[in-house]
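Work through these exercises with the structure open. Try each task before reading its solution.

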Protein chains: 2
Amino acid sequence: MNTEIDKLNFTQNLLRKFEAEDVVNTTYKKGDILTAEGQIENNLYFIEDGAVKVYYQSELGENIIRLGYNGSILNSLSSFFNRQPSELFIEAIRETKVKILKRSVIIDIKANSLGYSEFLENVLIQQLEREIDLLHDSPSQRLERVLKRSPHLFQFIPLKYIASYLRMSPETLSRIRNS
Amino acid sequence: MNTEIDKLNFTQNLLRKFEAEDVVNTTYKKGDILTAEGQIENNLYFIEDGAVKVYYQSELGENIIRLGYNGSILNSLSSFFNRQPSELFIEAIRETKVKILKRSVIIDIKANSLGYSEFLENVLIQQLEREIDLLHDSPSQRLERVLKRSPHLFQFIPLKYIASYLRMSPETLSRIRNS
């Protein structure tokens, strides 16, 4: 039977689990792969200190779809949900301390928390905003929208990765940042 | 108290409500707006017969982010969840018969169904696929990915709107379709 304390909000329970003593702590070196394309995602990562890029590999190189830094929670979400091989890589941009929760733990938290669907609605809203970001024609508008959501992005992530995330060249990003 | 029959799956209950006698039936003419930018979304639309485009308006014109046709269920989802003004327009591409459920009905279904979070997870997976679609460099790959999900798209939607949705010119879409 669930105790009162279990019936916390999903996000609170998740954060509590990431702070628990038995969480898996790992440090990745720059270039280390947290999750590889083709792998079925079984982890949820909390970035304690460092930075990661989530990208899709195409003929023209890597397309960054997400950037994570101190405080970010992420994984290869489609694969985590639908148990299909990940289309994405997650890679450390520099030395990165990560806490890992296993899928079984998340399923347990889902079952014993309230507000999981509200959590998902929020993830979905963020995802819809990202889609609209990508469709903005003007590079400066794309930058503006992202900085509104992530004002500290440049403190944690090298400019060249932010440029890829925003679908522009590093030169363009430098220029509009300084204008 | 909920009867057994209420504790159906969220999607089943949703479809059942769309088939109920008291659902709001409306017919929109070509160019009619179902939901306007700036409006708070209170509806969920089921496209019974016809076609709609969901788009964001920028200086360069409209950017289509979703296309709906017979059987589609859609609305301005961020606005529906977060009660902020919609960034999107939903507009009939041709005469379109639509069934409308009000937000209060959806909230009631959520409360009395199982599997709402699984429903959201699936919407999220589709949304993540759309993001990766947008990042594919090759127009023919973008088309291929979309046709895998929506094989009947061209039966319902004029080519120029599909081209906008795929971020390519109508000429490019014509060419790769015939090659």
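**Exercise 1: a strand pair**

Two bridges link β2(A) with β7(A), residues 89-92, and the two strands run antiparallel. This is a predicted model.

Task: find the residue in β7(A) that is the bridge partner of I33(A).

Solution. Start at β2 of chain A, which covers 33-35. Go across to β7(A), the strand joined to β2(A) by 2 bridges. The partner of I33(A) there is E91(A).

**Exercise 2: the whole sheet**

Task: give the strand order of the open sheet in chain A and name its edge strands.

Solution. Read across the sheet: the order is β2-β7-β4-β5, 4 strands in antiparallel pairing. Next, look for strands that pair on one side only: these are β2 (33-35) and β5 (61-69) of chain A. Last, check the twist: neighbouring strands are turned by 30° against each other on average, direction ignored.

**Exercise 3: the contact between chains**

Task: which element of chain B supplies the largest share of the side that touches chain A?

Solution. Count the contacts, taking C-beta atoms within 7 Å. On chain B 28 residues take part, and they meet 28 residues of chain A. Then list the elements of chain B that give at least two residues each: β4 (51-58), β5 (61-69), α2 (77-82) and α4. The largest share, 15 residues, comes from α4(B).

Now place that helix. α4(B), residues 116-135, lies across β4 (51-58) and β5 of chain A. Its angle to β5(A) is about 135°.

Finish with the classes. The side of chain B that touches chain A holds 14 nonpolar, 7 polar and 7 charged residues.

Conventions:
Residues numbered from 1 in each chain as written. Chains lettered and ligands numbered in written order. Predicted model: local features only at pLDDT ≥ 70, side-chain atom pairs only at ≥ 80, totals over all residues. Pairing = 2+ DSSP bridges. Axes fitted to C-alpha atoms, helices over the stretch in contact; angles between N-to-C directions. Contact = placed C-beta atoms within 7 Å. Nonpolar A, V, L, I, M, F, W, Y, C, P; charged D, E, K, R; others polar.
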